[in-house]
Amino acid sequence: MPRCYARGGIPLYLLVDRETASVTLFSVPEKDDYREHCTRTFGKPLALPAPFAFDLETADFL
């Protein structure tokens, strides 16, 4: 699914995966994929870049 968003030029894609208790931020879209991704387990903050520019507290997902 992230590839569809990358292809459309969506700058950030956040995936919340309750089965693995993790969040993944995909960024820097290029052609049909994202060049960068960062995964954190629930309970650890995830830094969101501009235009959001804040730490997402993932403990709320527990």
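**Note on the predicted model: strands, turns and one cis bond**

1. Pro-51 sits in the loop that links strand E4 (46–48) and strand E5 (54–56). Please look at this loop before the rest. The model is predicted, and the peptide bond between Ala-50 and Pro-51 is cis in it. Omega for that bond is about 15 degrees.

2. Ala-53 belongs to the loop between E4 and E5 as well. Its phi is near 50 degrees, a positive value in a residue that is not glycine. Is Ala-53 buried or exposed? Its relative accessibility is 57%, so Ala-53 counts as exposed; the cut-off for that class is over 50%. The loop between E4 and E5 therefore holds a cis bond ahead of Pro-51 and a positive phi at Ala-53.

3. Now the overall layout. The protein has 1 helix and 5 strands. Read from the N terminus, the order is α-β-β-β-β-β. The radius of gyration is 12 Å, close to the 11 Å that the globule rule gives for 62 residues, so the protein is as compact as a globular protein of that length. Along the principal axes, its C-alpha atoms fill a box of roughly 35 × 25 × 15 Å.

4. Strands E1 and E2 come next. E1 covers residues 12–17 and E2 covers residues 22–30. They pair in the antiparallel sense, over 6 bridges. One pair to find on screen is Val-16 with its bridge partner in E2, Val-23. The two strands form a hairpin with 4 residues between them. In that turn, Ala-21 has a positive phi of about 55 degrees.

5. E2 also pairs with E3 (residues 33–41). Here 8 bridges join the strands, and they run antiparallel. Thr-24 has Thr-39 as its bridge partner in E3. E2 and E3 form a hairpin too, with 2 residues between them. As general background, side chains in a regular strand alternate between the two faces of the sheet.

6. Which residue in the turn between E2 and E3 has a positive phi? Lys-31 does, at about 60 degrees. Lys-31 is a residue other than glycine, and its place is in the loop between E2 and E3. At 73% relative accessibility, Lys-31 counts as exposed.

7. Ala-47 is a useful residue to check in strand E4. What does Ala-47 touch, once neighbours within four places in sequence are left aside? Its contacts are Leu-25, Phe-54 and Asp-55. Leu-25 falls within the range of E2, residues 22–30, while Phe-54 and Asp-55 fall within that of E5, 54–56. Phe-61 lies 14 residues from Ala-47 along the chain. The C-alpha atoms of Ala-47 and Phe-61 are separated by 15 Å.

8. Burial and contacts for the whole protein follow. Of its 62 residues, 26% count as buried. Take the contacts between residues at least 6 apart in sequence: 24% of them join residues at least 24 apart.

9. Last, surface and charge. The accessible surface comes to about 4,400 Å². Carbon and sulfur atoms account for 55% of that area. The protein carries 7 positive and 9 negative charges. The mean positions of the two sets are 5 Å apart.

How values were computed: Residues are numbered from 1 along each chain as its sequence is written. This is a predicted model: local features need pLDDT of at least 70, side-chain atom pairs count only at pLDDT 80 or more; totals for chains, interfaces and linings use all residues. Side-chain values use heavy atoms; hydrogens and water are left out. The radius of gyration is taken over C-alpha atoms; the globule rule is 2.2 Å times the number of residues to the power 0.38. Buried means under 20% relative accessible area, exposed over 50%, partly exposed in between (1.4 Å probe, protein chains only). Contact means heavy atoms within 4.5 Å. Accessible areas come from the Shrake-Rupley method with a 1.4 Å probe; for residues, only the protein chains shown count as cover. Lys and Arg count as positive and Asp and Glu as negative; His and the chain ends are not counted. The place of a charge is taken as NZ of Lys, CZ of Arg, CG of Asp or CD of Glu. Two strands pair if DSSP finds at least two bridges between them.
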